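Biologist: Could you take me on a close look at one part of this model, and tell me how it sits among its neighbours? I would enjoy a connected walk through it.

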Amino acid sequence: MRNTIKHPARLVPLAFLITILIGTSLLMLPVARAGEASAPFLTALFTAVSATCVTGLVTVDTATYWSGFGQVIILVLFQIGGIGIMSGATLLGLLVNRRLQLSSRLLAQSETRLLGLGDVVEVLRLVLAVTLTVELTIAALLAFHLHFAYQEAWGSAAWNGIFHAISAFNNAGFSTYSDNLMGFVADPIVILPITAALIIGGIGSPVLYELRHIRRKNRPWSVHTRITLLGSALLLIIGTVAMLGYEWNNAGTLGPLDTGAKLLAAFFHSAAARTAGFNSLDVGQFTTETLAIHYILMFIGGGSAGTAGGIKVTTFFLLFFVVWAEIRGNTDTAVFNRRIASETQRQALVVVLLGTAMVASATLILISVTSFPLEKIAFETISAFATVGLSTGITADLPPIGQVVIIVLMFVGRVGTITVATALALRSRNKPYRYPEERPIVG
């Protein structure tokens with residue numbers, strides 16, 4: 001029993017669950033709410049899950065509903081959730097003991113989805129260094145700008161800068177402003193640093209590790225890094241162009257802005273759609289076409305072992321290459337002159353199918369318990385599963401059962417893919433026999 005619980009595929013979600021319960025209890029304290037009464041259990045639970053799972057969906061206004069203490073709890077939760085509970089525990093153990101046992105390395109690997117145990121220690125050091133560097137730099141930049149450009153008091157500017165820097169790097173999407181970032185839609189000094197933070201946080205620690213050592217080791221990029229960087233760039237361009245095309249004359253979004261502000265807002269939302277959760281435009285005013293583009297961008301998400309969610313860029317493009325190889329009649333799936341292992345292809349397929357099943361099931365449930373249109377419900381469920389945090393504005397109006405469905409989606413979206421990938425990797429084995437081959441009709 002003890003070994004079963006300590007299995008990384010079970011211990012990681014259990015650690016997230018414990019953190020959520022602690023966060024819920026703290027948010028239910030009277031001191032955590034700006035008003036007199038304590039927060040209801042469901043409100044506190046929803047917020048704790050959203051923060052720990054770095055999603056950003058909310059049923060109450062973070063800026064006005066929660067006190068300073070409550071906002072600090074939310075910040076701590078999405079910082080823990082972003083780095084990863086197991087990675088964070090491993091980092092603390094590393095700092096104290098200066099070395100790691102094999103079991104700790106396995107737990108860190110299950111959270112960060114690294115390929116080799118030998119790199120875990122160095123990668124975790126890099127995660128800590130990048131996290132502190134990016135968050136402190138963005139926080140200082142935002143604090144100075146908010147003070148001098150918007151006349152915020154130094155205390156308020158510093159807090160807002162710190163909160164948004166950490167929220168951005170962890171792709172959490174929480175904001176201390178009631179309209180999120182809509183008040184800064186045309187301000188590049190606010191929007192661009194936040195965009196940079198969410199891209200760096202969401203690109204994934206394996207890519208950051210490889211980019212750091214590529215010159216020293218004098219070797220080409222791995223297939224994973226190439227797919228992640230090129231795929232992310234392609235999705236960013238497609239999202240920006242689509243936003244400009246579908247929203248250019250929309251009076252509720254880009255229409256009133258000048259050309260520069262339109263480009264900035266479209267670029268920001270293209271990046272934010274892939275699990276950042278921030279919005280500088282009113283998502284509820286998006287056209288149906290833009291919502292559909294967001295379905296795709298949100299479901300794909302960011303890089304593996306990063307703070308972003310979704311099925312991941314590598315998963316999506318790997319399956320694209322599998323399809324392309326099948327269309328061309330190739331026996332093997334090759335990417336950048338490297339053959340992709342069949343086990344990796346199966347894992348990618350499982351992740352996509354399970355994610356699709358989760359979103360479809362949740363959408364059907366919400367359709368049956370609410371009167372919202374399908375396009376808004378689908379947006380909400382994909383946003384929850386991919387831990388995006390964007391919403392058309394229906395989150396707070398969902399019935400209790402609907403909010404529970406979103407809670408489950410956020411939790412599974414954050415830890416479910418980790419669990420599935422780890423379970424597949426640890427239980428992979430070759431049988432000493434093979435069954436007779438059969439070829440069912442496909443298509």
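What follows is a walk along one helix and then through its surroundings.

Modeller: Happy to! Please keep in mind that this is a predicted model. Let us take helix 5, which runs over residues 68–83. For the setting, the chain has 18 helices and two strands, and 52% of its 443 residues count as buried.

Start with the geometry of the helix. Helix 5 has 16 residues, and at 1.5 Å a residue these should span 22 Å; the end C-alpha atoms are 23 Å apart, which agrees. Just after helix 5 comes Gly 84, with a positive phi of about 105°.

Now for which residues are covered. The buried residues of helix 5 include Ile 73, Ile 74, Leu 75, Leu 77 and Phe 78. Glycines are on that list too, among them Gly 70, Gly 81 and Gly 82, and so are Gln 71 and Gln 79. In general terms, nonpolar side chains tend to be buried together in soluble globular proteins.

Two residues of the helix deserve a longer stop, Ile 74 and Phe 78. Both belong to the largest nonpolar core, a set of 64 residues, and they are among the members that touch the most others, along with Trp 66, Leu 281, Ile 406 and Met 410. A second, separate core has 29 residues, including Ala 157, Leu 181, Phe 268 and Phe 278.

Phe 78 has a rich list of partners. Leaving aside residues up to four places away in sequence, Phe 78 touches Ala 51, Val 54, Phe 163, Ile 166, Ser 167, Asn 170, Ala 172 and Phe 174. Ring pairs also link Phe 78 into a cluster with Trp 159, Phe 163 and Phe 174. The aromatic pairs come to 13 by count.

From Ile 74, we can step across to helix 3, residues 41–52, where Thr 47 lies. With residues up to four places away in sequence left out, Thr 47 touches Ile 74 as well as Leu 27, Trp 66 and Phe 174. Thr 47 has a relative accessibility of 2%, so it counts as buried, the limit being under 20%. Phe 174 thus turns up as a contact of Thr 47 and as a contact of Phe 78.

Ile 406, another of the well-connected core members, leads to a further threonine. The C-alpha atoms of Ile 406 and Thr 395 are separated by 8.8 Å, with their positions 11 residues apart along the chain. Thr 395 sits in the loop between helix 17 (374–385) and helix 18 (400–426). Its relative accessible area is 3%, so Thr 395 is buried. Beyond residues up to four places away in sequence, Thr 395 touches Phe 46, Leu 57, Val 58, Thr 59, Glu 380 and Gln 403.

The second core offers a helix to set beside ours: Phe 268 is in that core and is also one of the buried residues of helix 13. Helix 13 covers residues 259–272 and reaches 20 Å from its first C-alpha to its last, close to the 20 Å expected. Of its 14 residues, 10 are buried, and these pack against helix 10 (188–203), helix 12 (223–247) and helix 14 (288–300).

To close with the wider view, consider the contacts in the chain between residues at least 6 apart in sequence: 69% of them join residues at least 24 apart.

Conventions:
Residues numbered from 1 in each chain as written. Predicted model: local features only at pLDDT ≥ 70, side-chain atom pairs only at ≥ 80, totals over all residues. Heavy atoms only, no water. Helix = DSSP H or I, 4+ residues; strand = E, 2+ residues; numbered from the N terminus. Buried < 20%, exposed > 50% of the residue type's maximum accessible area, 1.4 Å probe, protein only. Contact = heavy atoms within 4.5 Å. Phe/Tyr/Trp six-rings, centres within 6.5 Å; stacked < 30°, edge-to-face > 60°. Expected span 1.5 Å × (residues − 1). Core = buried A, V, L, I, M, F, W, Y, C linked by side-chain atoms within 4.5 Å.
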